[in-house]
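Reader: I'm new to this one. Please put it on screen and take me through it.

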Amino acid sequence: MSVGYEPKILGFLCNWCSYAGADLAGVSRFEYPPNARVIRVMCSGRVDPVHILEGFKSGADGVLVTGCHPGDCHYVSGNFSTERRVEIMKKVVNKIGIDPERIRLEWVSASEGRKYAELVKEYTDSIRKLGPFPLNEISDLLDAAIGAFGSERVRWLMNKQLEEIEPEKAENVIITSIEREIERYQLFQILEKGNSTVSEMAKQTNLPSDVIVQHLIALMKQGTAAITAEAEHEYIYTLSR
Amino acid sequence: MKDSKSVLVVGGGIAGIQASLDAADRGFKVYLVEKTPSIGGRMAQLDKTFPTMDCSICILAPKMAECYRHSNITLLTYSEVQDAKGSIGNFEVAVLKKARHVKEDKCVGCGICTEKCPVKVPNEFEMGLADRKAIYMPFPQAVPRLTTIDEENCLFFQKGTCRVCEKLCEAGAIDFDEKPEEIVLNVDAIILATGFDVFNPKAITAYGYGKYKNVITAMELERLICASGPTDGYILRPSDGKEPESVVFIQCVGSRDQRYNPYCSSICCKYAIKDAVLIREHHPEIDTYVFYIDLRAFGKGFQEFANRSKEEYGINYIRSNPGEIREDPITQDLTIWYEDTLTRTIKPLTVGLVVLCTASIPRPDNKKLSELIGVELDDLGFFRASHDIDHPVDLTVPGVYGCGFCLGPRVGDIPHSVMQAGAAVARMSEELAGMEEA
Amino acid sequence: MKDEPRVGVFVCHCGTNIGGVVDVPEVVEYAKTLPYVVYADRNLYTCSEEGLNNIRDTIKEYNLNRVVVASCTPRTHEPLFRVACQEGGLNPYLFEMANIREHCSWVHHDSKEATEKAKDIVRMAVARSLWLEPQEEPELEIKDSSLVIGGGISGLVAAISLADQGFKVYLVEKEAELGGLVRQLYKLYPTLEDTSEILNPHIEEAKNHRNIEVHTSTTIKDIEGYVGNFHVTAIKNKEQIEFDVGTIIVATGAWNYHPPEGNFQYGVLDGVMTQLELEELLKEGKLERPEIIVMIQCVGSRVGEIWSYELVGLFHSQATRLLSKILGARGSEEGWAYCSKICCMNAIKNAILIKEQFPESEVTILYQDLRTYKEYEDFYRRARKLEVRFLKYIYEIPPEISEAPGNKLRVSFYDPFAGEEMSIICDKVALSTPLIPSKDGILLAKKLKIPLDQNGFLMEAHVKLRPIDTQIEGIFLAGTAAGPKDISESIVSAKAAAARASILMGNKVIKTEALTAVVNQDLCIGCGLCEELCPYGAHIVKDGKSTVIEALCKGCGVCVVACPQKAISAKHYTDDQILAAVKNAFTEQLT
């Protein structure tokens, strides 16, 4: 990787365990690299996938989320919600070209000052090996993902307990659905910039034409997109709003 | 309980501070009397607290500030109890407010007076390892934050000249004419929290304290290790200002010793482990040794920390009570001859700095207070509890309670002092509520 | 942003704690360049009276509507600075802290890097501060009654203290009788009084006190609610009782540890017993003639870092950590890392009692370090005068016990002072075992959401300065539930717990958590996901809309992230506030 590259780490720390653990690292003078910038939240369950993705957009090369150990959550079960969200997220981002290691969830208790210091060191090294976040390459995809993870459908899927489906199957359904949502947001973004055709969209997104057509039909059903003209044997799509 | 009850708290260390805050929150009108110019006590002098390694002043300063701001607390610093009479529900206490010669309502604590004062005096807060001026602020976080003129050293009071501080003070806070003032307080109860003194190891000539410059006490080390202390936290030998290659801690200096103090001070093992670890953290190259009789690492988290100190920090523990220390007149290094009672060998050990973990002893003030108030002292000079097990914070006069180290080295650590303070407030509330009913 | 922000930034040197590593003047100069910052300066100690006055005065002088203090951790100092803001006329929630000490100067040694990081941290705090909104802390009434859980000496003392102060107390004990572990003891050190002389008056007083309702044979089934208003459901002799209290004192005590069978031949050879079992023999007068007795200290304590197998399952969160420790520990022996602190005095007490009763007895105490702290040193001397033998063994070579001819026991150990293997033929061996966390305490802690410390005792809010409070407001710890204590110390802690509880109840009202979730009724479609997720039952969906019960909401924000409509926000932790910090973590994006 590039010489002298210093990775930028964004950390979300829960107030009760991990922030206290980081404080203890300070009180105990456990030295660690200065690469992390941290944000205190009351519970790791407050960390929104959108916050994590916005972190990448704002220059982070890796995002570290830390919470209380399972069973120790100050809010009973907040960290379980976090765990589920982060697990799903890691699988989804992998498919859009973000190494899942760039998102890390760890448990750090109030008494684990040393663990916190070592975690920051180890994670910084790990991200150093991965190199800088490919922000320029996947900027559009990242925006689409931010839109998707903020969408009604994805938020419902990530948080609703789907009890009637087997857990593994459920996860596959969720991940595929989120991928589809990201694709749809990619098209949405293209249309936001101006009118476009299926072949132009295929070129910009590398998505197969039939997939694009499916999404466009869905968008038209929602009333989000419409066909406004025809040119060289192709329809021109426009955003309705 | 009616909300007009009042209490006198004597001593502004952590025990007295906590007792004042608990009582004030409980609705008592509190008069907190402190002999020195600032509250804070011993805990303010410590660098870190064991075994959590919290920065001592960092956790204490907010409590000190809270005392100052609390609407139910009247701080009477630089003041001493002169007289006391009456009984529970109706004590009349005379307090002498010594002349500070600095007006409380005018001084802004800017410190220009201390900068320009020409007289240097050994700084008590820094255990004499640094100087202060004749007009001084005891330490940076002092509460109340104002300076005090120490008459015994002030040129004006001694020779009638100078008055530099008065000329420089923009706030016009200096008042050379101020006279001591006697205040009479009517209170329902009294809580004593006079703390402890440190045994002067000069008495043990074989250790050479006072003769060999590189033999210091643990309280002195506490200031050396402190980042805001006289050496900015560097361990430097008093003889040459150089970093020692090795440091030795000697336990039970003046305690567990029939000649001086028969009891165990109960904090020394714990702070020695803490200080040894801090030295290794600041200077990993300094070898550290602890000479002990029994390693008394009891209390929450202490044994675990003692284990860590050996395994992670490489502190060397030697079971021995060394007989004599000799100084090399040229290098001023110190040689300790000792018998390692575990290996039964007699060996010498030469080190650069020796730290004596001295006994914690009763304050001489206890005697005067016991005479004024009528509470008994125990054989050692600490305040006697009315029952060792059942009434550990009641003193022998109803309505008078104790907390902190002035009750003797009970458990002798900060959390227990804090608990005793709470217990004293609970006892006071119980007894006064009982009187009201009767 | 409704009003035009006017931010004041106060950077703290903290003596040399920050100033020694971070270039504080540079940080101040940097802060001045940030948008909306109208004031930036530094203090030696911002938390000092001078520093706080400076905040108060500057708010007025510069008409600040946001304050940022760059100093230490908000976990200890935020309350102090918030009060200063309030006194300066600013809503305390328009205050933000930048932690440049614990998270910066104390963990980074390179001055340049630390200064750069400090600037980033300050920028993040300023960015967040722009989005802050004033919040109100609603007042909550505190019921003037208390629940004391556990009728041992600590529970009794706490209950009587509160009752004497005029508060109604419900004292709940799961056994049929009051008295707890102390009831099993014979005499108490250092006064050698009969246990009953101390304990019985407390039991009688509690039973007869008009302000105390004693419920024995009663277990806690459920506790709902929050400080000031806990609703308690208990089962008393199979019947359910319910009552409301304002505060709770947990005095569930500790257990005496029993070594597993075979450990030191316990449960295998007759005559091997725990120190407590020996004391029970003394109490019942069953020690009828002079005997040779060996006491072994630190059995099951100070032996590595593993816990009693019996309790392991209860610490599910640390189960993996435990397992690795068990595998790596000394042999397969189970034990507790800490020093139980009362065992030395207890052994000496029993040795004295035996020698005074039968001077011809021979008592030997095998110890690692004799911890007769404070004035108990006298007690140790008294035992030595009575010719109790004190011999040291070392941790690495624990004593071994075997059968000896004539129905006797042989204790073999290495005496480091003599430098040789020794053995004593004796009649009885007493194992001094530690006080360990009680199962009831652990289960109750889980119920009340009180964290446990590394050994499984209930954790205090701050080890040094808040040893009685828990993280949960209105719940306090008394006695050995928080760790080993002797009786006098337990009494002190129980009185202190009563004091802390009485402060709340005496004041009748407190201010509560301002930082709750809030539902935008226009956006909510009543899907019910928040109701499903909330661990506190704080969301209630009614007529197609969700509302938050503020007194129940603890402000964790789990519902905020889940809400598909983005209808919920967390006060003081809104998306705008968090994203402002995210966006400014590495580069300036303030405007």
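Reader: Let's pick a spot. Is A:Cys68 buried or exposed?

Author: A:Cys68 is buried, with a relative accessible area of 3%. Buried means under 20% relative accessible area and exposed means over 50%, with partly exposed in between, using a 1.4 Å probe and protein chains only. This is a predicted model: local features need pLDDT of at least 70, side-chain atom pairs count only at pLDDT 80 or more, and totals for chains, interfaces and linings use all residues, while side-chain values use heavy atoms and leave out hydrogens and water. Residues are numbered from 1 along each chain as its sequence is written, and chains are lettered from A and ligands numbered from 1 in the order in which they are written.

Reader: What is A:Cys68 joined to?

Author: A disulfide (two cysteine sulfur atoms within 2.5 Å) joins A:Cys68 to A:Cys17, with 2.4 Å from S to S. The link is right-handed, with 100° about the S-S bond. A:Cys17 also counts as buried, at 10% relative accessibility.

Reader: Where do the two cysteines sit in the chain?

Author: They are 51 residues apart and link distant parts of chain A. A:Cys17 is in the loop between β1 (9-14) and α1 (18-27), and A:Cys68 is in the loop between β3 (62-67) and α3 (78-95). The helices (H or I, at least four residues) and strands (E, at least two) are DSSP runs, numbered from the N terminus.

Reader: How many disulfides are there over all chains?

Author: One.

Reader: Why doesn't B:Cys406 form a bond with B:Cys403?

Author: The B:Cys403 sulfur is the closest cysteine sulfur to that of B:Cys406, but at 6.4 Å it is too far for a bond. B:Cys406 is buried, at 0%. C:Cys47 is in a similar position: its closest cysteine sulfur, in C:Cys12, is 6.1 Å away, which is too far for a bond.

Reader: Switching topic. How many residues does the largest nonpolar core have?

Author: It has 191 residues, and those with the most contacts inside it are B:Leu8, B:Ile191, B:Leu192, B:Phe249 and B:Met428. Such a core is a set of buried Ala, Val, Leu, Ile, Met, Phe, Trp, Tyr and Cys residues joined through side-chain atoms within 4.5 Å. The largest share of this core, 10 residues, comes from helix α14 (residues 487-507) of chain C. A second, separate core of 72 residues includes A:Leu10, A:Phe12, A:Val47 and A:Ala60.

Reader: What does B:Phe249 touch?

Author: Leaving out residues up to four places away in sequence, its contacts (heavy atoms within 4.5 Å) include B:Leu221, B:Ala272, B:Tyr289, B:Phe291 and B:Cys357.

Reader: And the chains, how many residues do C and B each put into their contact?

Author: Chain C and chain B give 76 residues each. Between them they bury about 6,300 Å², 58% of it on carbon and sulfur atoms. Buried area is the accessible area (1.4 Å probe) that two parts lose on being put together, summed over both. C:Glu49, C:Lys464 and C:Leu465 supply 13% of the area that chain C buries against chain B, more than any other three residues.

Reader: What about chain B and chain A, what area is buried there?

Author: About 420 Å², of which carbon and sulfur atoms give 38%. The contact takes eight residues from chain B and six from chain A. B:Lys48, B:Met53 and B:Glu281 supply 49% of what chain B buries against chain A, more than any other three residues.

Reader: Any strands to look at? In what order do the three strands of the open sheet in chain C come?

Author: The order is β11-β12-β13, with antiparallel pairing. β11 (218-226) and β13 (239-245) stand at the edges with a single partner strand each, so one side of each is left without a neighbour in the sheet. Eight bridges join β11(C) to β12 (residues 229-236); strands pair if DSSP finds at least two bridges between them. C:Glu224 stands opposite C:His231 in β12(C).

Reader: Last one. How many residues of β4 in chain C are buried?

Author: Five of its five, over residues 95-99. C:Phe95, C:Met97 and C:Asn99 point one way, while C:Glu96 and C:Ala98 point the other way. Five bridges join β4(C) to strand β3 (residues 66-71) of chain C, and the two run parallel. C:Phe95 is the bridge partner of C:Val67.
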